Amino acid sequence: MRELTYGEAVKEAIAEEMRRDPRVFLIGEDVAEAGHPFKTLTGLVNEFGTKRVIDTPISEPGYAGIGVGAAMTGMRPIVDVMFGDFITLTMDQMVNQAAKAHYMSGGKIKVPIVFRTTLGATRRSAAQHSQSLHAWVSHVPGLKVALPSGPYEAKGLMKTAIRDDSPVVIFEDKMMYRVKGPVPAEDYTIPFGVAEIKREGRDITIVATSSMVAVALGAAKMLEEAGISAEVIDPRTTWPLDKQALIDSAKKTSRAIVVDEGYERYGVTAEIASVIAEGAFYHLDAPVKRIGAMDVPVPFSPVLEDLTVPSEKMVFEAAKALCRKA
């Protein structure tokens, strides 16, 4: 199978959906001629023109509102918020309008909109460009939230999001845009709410999101050398969440760790750990362990920044402790 980078997979998904459906358009800052700050959209404006790949002034609330209004009137916009940190500026449009309109209209209004944005630290971008805020929107009824962990997921989840009649927020890890992986050339989608077992195991379950899937798989290799068989699961969407897959795996292994790059406090790890604890309580041999980002603003200093993000070694040590291996 051919290989694409994560960024190429995202662009291919958007381009194919724009060809398939003339109602799909892209709007945001530097999405046209500049091709996005991470160059993931380069060339789209040449094919689709400036009426479907729309550059806007620096006003996230303004173009998010345009997107929500367009979706309510039958279009299928992709609103690009280049850094996830700036979804703070779109919260009214996203949380109070897009997420609520279908419910408050008694089902008469649909809002088929995709908010495309980023998460992740270790790019040396300092505290206002390095946050992972997906827990915030996962908290809101009416929004679906996807976190692609590789190029295959980046394309499949994006296509599903664009075809969905509900508002979807996709968080792409900005450190993964050059990561390569197999991506089918034919059309495919990945259903929301269906987790994938990335690696089978029998001693401990590691649930990991986004770039933390690679961290978990790296830790699983280290654990194998230590005589521990780890199962790695990627939920792929934090909402809807495939609760049964997580519970079934924890029942099988009897131990679980949840790894996510968002803040640990009140974060995605807390929700998933709760699901496992409630659903697999009588099968667990140890409390569910959570590993998230350190509870501090992300430092600019590379040495300090790296310490705030979960690492393979952290997961390895936590798994060994849960399995009571020295």
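# Chat about a predicted model

User: It's a predicted model, right, so what's up with E2: how many of its residues are buried?
Analyst: Yes, it's predicted. Five of the five residues of E2 are buried, so the rest of the structure largely encloses that strand.

User: And which way do the residues of E2 point?
Analyst: Val-24, Leu-26 and Gly-28 go one way, while Phe-25 and Ile-27 go the other, and all are buried. In general, side chains in a regular strand alternate between the two faces of the sheet.

User: Which strands does E2 pair with, and in what sense?
Analyst: E2 runs parallel to E4, with five bridges joining them. E2 also pairs with E3 in the parallel sense, over three bridges.

User: Got bridge partners for Ile-27 and Leu-26? Which residues are they?
Analyst: Ile-27 has Val-79 in E4 as its bridge partner. For Leu-26, the partner is Val-53 in E3.

User: Zooming out, what's the strand order in the sheet?
Analyst: The order is E3-E2-E4-E5-E7-E6-E12, an open sheet of seven strands with mixed pairing. Strands E3 (53-55) and E12 (237-239) are at the edges, each with a single partner strand, so one side of each has no neighbour in the sheet. From one strand to the next, the twist averages 20°.

User: How many bridges join E5 to E7?
Analyst: Six bridges, and the two strands, E5 (residues 114-119) and E7 (residues 168-173), run parallel. Arg-116 stands opposite Ile-170 in E7.

User: Which strands does H7 touch?
Analyst: Helix H7 (residues 151-163) packs on the sheet and touches E2 (24-28), E4 (76-80), E5, E6 (144-146), E7 and E12. The direction of H7 makes about 160° with that of E7.

User: Switching to helix pairs. At what angle do H9 and H10 pack?
Analyst: About 60°, with the axes of H9 (residues 243-253) and H10 (residues 268-280) 9 Å apart. That makes H9 oblique to H10. H9 passes H10 in a right-handed crossing.

User: Which residues meet there?
Analyst: From H9 you have Lys-243, Leu-246, Ile-247, Ala-250 and Lys-251, and they meet Ile-272, Val-275, Ile-276, Gly-279 and Ala-280 in H10. By type, the contact of H9 with H10 has seven nonpolar residues, one polar and two charged.

User: What about H8 and H12, how do their axes cross?
Analyst: The axes of H8 (residues 212-225) and H12 (residues 312-322) cross at roughly 50° and come within 8 Å. H8 and H12 are therefore oblique to each other, and H8 passes H12 in a right-handed crossing.

User: Which residues make that contact?
Analyst: Ala-214, Val-215, Gly-218, Ala-219, Met-222 and Leu-223 in H8 meet Glu-312, Lys-313, Val-315, Phe-316, Ala-319 and Lys-320 in H12. The residues of the contact of H8 with H12 split into eight nonpolar, one polar and three charged.

User: Last topic, two threonines. Is Thr-308 buried or exposed?
Analyst: Thr-308 is buried, with a relative accessible area of 6%. Thr-308 is found in H11 (residues 302-308). Not counting residues up to four places away in sequence, Thr-308 touches Gly-292, Ala-293, Met-294, Val-296 and Pro-299.

User: How far apart are Thr-308 and Thr-122?
Analyst: They're 186 residues apart in sequence and 9.0 Å apart in space, C-alpha to C-alpha.

User: And where does Thr-56 lie?
Analyst: Thr-56 lies in the loop between E3 and H3 (60-72). Thr-56 counts as buried because its relative accessible area is 17%, under the 20% cut-off. Leaving aside neighbours within four places in sequence, Thr-56 is in contact with Ile-27, Gly-28, Glu-29 and Tyr-63.

Technical notes. Residues numbered from 1 in each chain as written. Predicted model: local features only at pLDDT ≥ 70, side-chain atom pairs only at ≥ 80, totals over all residues. Heavy atoms only, no water. Axes fitted to C-alpha atoms, helices over the stretch in contact; angles between N-to-C directions. Helix = DSSP H or I, 4+ residues; strand = E, 2+ residues; numbered from the N terminus. Parallel < 35°, antiparallel > 145°, perpendicular 65-115°, else oblique. Left-handed = near helix turned anticlockwise from the far one by under 90°. Contact = heavy atoms within 4.5 Å. Nonpolar A, V, L, I, M, F, W, Y, C, P; charged D, E, K, R; others polar. Pairing = 2+ DSSP bridges. Buried < 20%, exposed > 50% of the residue type's maximum accessible area, 1.4 Å probe, protein only.
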